[in-house]
Amino acid sequence: MIEIRAYTVSDFIERYLPAQQPRYGIKATVLHHTYRPRAKDYTGPISIDAIRRYHIHNCGWRDIGANAYAAPDGKVYNARPLSWNNYAHAHISKSWSHVPADVRELAYPDRNWLNHHGFGIETIGDFDEQAIDPIPPALEVSLRVLAAVHTRYKLAPERLFLHRDVAYKSCPGNRISREWARREVSKRMEHPDPTIRIVLLPGSQPVACNAAIENGVTRCDLRPLAESLGCEVIADDIAAGTVYVRRADTPAS
Ligand SMILES: [Zn+2]
């Protein structure tokens with residue numbers, strides 16, 4: 001049995017996610033709502049355990065369905081690890097002709113494509129009924145976690161899908177549209193900082209190296225910067241924690 005516990009969103013993003021080893025790589029995300037329990041039914045870990053027991057005993061699954069559960073108290077629970085061969089809780093059960101073209105293009109003919117390549121989060125709430133303006137706390141948690149997953153695995157907001165794209169149900173609730181969900185996730189993603197540019201002199205040539213200022217420190221990708229300076233980057237020894245930068249005119253030793 002996996003150990004499920006409540007994390008703060010930042011702990012989940014900074015500790016839990018980086019420790020995950022996705023079996024097939026993360027190429028998409030899927031947003032769900034639980035429908036039941038509703039936000040007002042949530043009573044902490046007991047509610048997550050009830051969902052888990054339902055998935056195991058009523059659905060016959062190996063364990064709880066999705067990869068994470070976003071709660072109305074602002075916490076996020078870990079769930080199905082990304083190292084398993086089946087996750088995201090998004091089997092493509094609709095007939096292919098009813099599946100949106102963008103999903104079909106990625107997944108056809110694999111009905112488990114999202115389960116193999118997607119990260120799925122369930123939001124505790126019923127968004128057929130519950131208003132989303134202002135955004136309820138559990139939904140805010142889902143959007144922040146999704147934004148972190150999109151940033152970490154370099155996924156455009158357009159790689160976010162709704163469960164109802166692939167199954168005959170309203171999940172994540174009729175009040176949530178794809179456009180809305182993608183826009184809200186995009187707002188929360190870390191985008192390269194458009195206010196800073198690295199420019200090579202002489203000639204004022206801009207270097208495309210994802211420059212950004214984080215906590216007052218300017219960071220950028222090493223390889224494009226080094227290569228634009230006529231150097232070569234040797235990262236064979238990255239497991240040992242060493243990256244070598246060599247001037248291209250230096251003979252190899
Ligand atoms: Zn769902």
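In the predicted model, His32 of strand β2 has Glu122 of strand β5 as its bridge partner. The adjacent residue pair of the same register is formed by His33 and Thr123, the latter again being the bridge partner in β5. These pairs belong to a parallel pairing of β2 (residues 28-33) with β5 (residues 118-123) that extends over six bridges. Strand β2 also runs parallel to β6 (residues 160-162), to which it is joined by three bridges; here Val30 has Phe161 as its partner.

Strand β2 is mostly covered, with six of its six residues buried. The burial concerns both faces of the strand: Ala28, Val30 and His32 are buried on one side, and Thr29, Leu31 and His33 are buried on the other. The two histidines that bridge to β5, His32 and His33, thus belong to opposite faces of β2.

The pairings of β2 form part of an open sheet of six strands, ordered β1-β4-β3-β5-β2-β6, in which the pairing is mixed. Strands β1 (6-7) and β6 occupy the edges and have a single partner strand each, so one side of each lacks a neighbour in the sheet. Helix α5 (residues 137-152) lies across β2, β3 (68-70), β4 (76-78), β5 and β6, and runs at about 170 degrees to β5.

The largest nonpolar core comprises 47 residues, of which Ala68, Tyr69, Ala70, Val76, Leu114, Val145 and Leu146 touch the most other members. Helix α5 supplies the largest share of this core, namely nine residues. In soluble globular proteins, nonpolar side chains tend to be buried together. The surroundings of Val76 illustrate the contacts made by one of these core residues: when neighbours within four places in sequence are left aside, Val76 is in contact with Tyr7, Val9, Phe12, Ala68, Tyr69, Ala70, Ala71, Val141 and Val145.

At the level of the whole protein, the secondary structure comes to seven helices and 12 strands. The domain assignment gives domain 1 (6-188) and domain 2 (198-247), and the C-alpha centres of the two domains lie 35 Å apart. Along the principal axes, the C-alpha atoms fill a box of roughly 65 × 40 × 40 Å. Of the 253 residues, 32% count as buried. Among contacts with a separation of 6 or more, 63% are accounted for by residues 24 or more positions apart.

Several backbone features were also identified. Most residues other than glycine have a negative phi, and most peptide bonds are trans. A cis peptide bond joins Cys171 and Pro172, with omega of about 5 degrees; Pro172 is placed in the loop between β6 and α6 (178-188). The peptide bond from Leu201 to Pro202 is likewise cis, with omega near -10 degrees, and Pro202 is placed in the loop between β7 (198-200) and β8 (205-207).

Positive phi values occur at two non-glycine positions, His89 and Lys154. For His89, phi is near 65 degrees, and the residue is found in the loop between β4 and α3 (101-107). For Lys154, phi is about 50 degrees, and the residue is found in the loop between α5 and β6. His89 has 25 other C-beta atoms within 10 Å and is therefore buried, whereas Lys154 has 9 other C-beta atoms within 10 Å and is therefore exposed.

Methods
Residues are numbered from 1 along each chain as its sequence is written. This is a predicted model: local features need pLDDT of at least 70, side-chain atom pairs count only at pLDDT 80 or more; totals for chains, interfaces and linings use all residues. Domain bounds come from an automatic or database domain assignment. A residue is buried if 20 or more other C-beta atoms lie within 10 Å of its own, exposed if 12 or fewer, and partly exposed in between; C-beta atoms are placed from the backbone. Helices (H or I, at least four residues) and strands (E, at least two) are DSSP runs, numbered from the N terminus. Two strands pair if DSSP finds at least two bridges between them. Two residues are in contact if their C-beta atoms, placed from the backbone, lie within 7 Å. Axes are lines fitted to C-alpha atoms, for helices over the stretch in contact, and angles run from 0 to 180 degrees between N-to-C directions. A nonpolar core is a set of buried Ala, Val, Leu, Ile, Met, Phe, Trp, Tyr and Cys residues joined through C-beta atoms within 7 Å.
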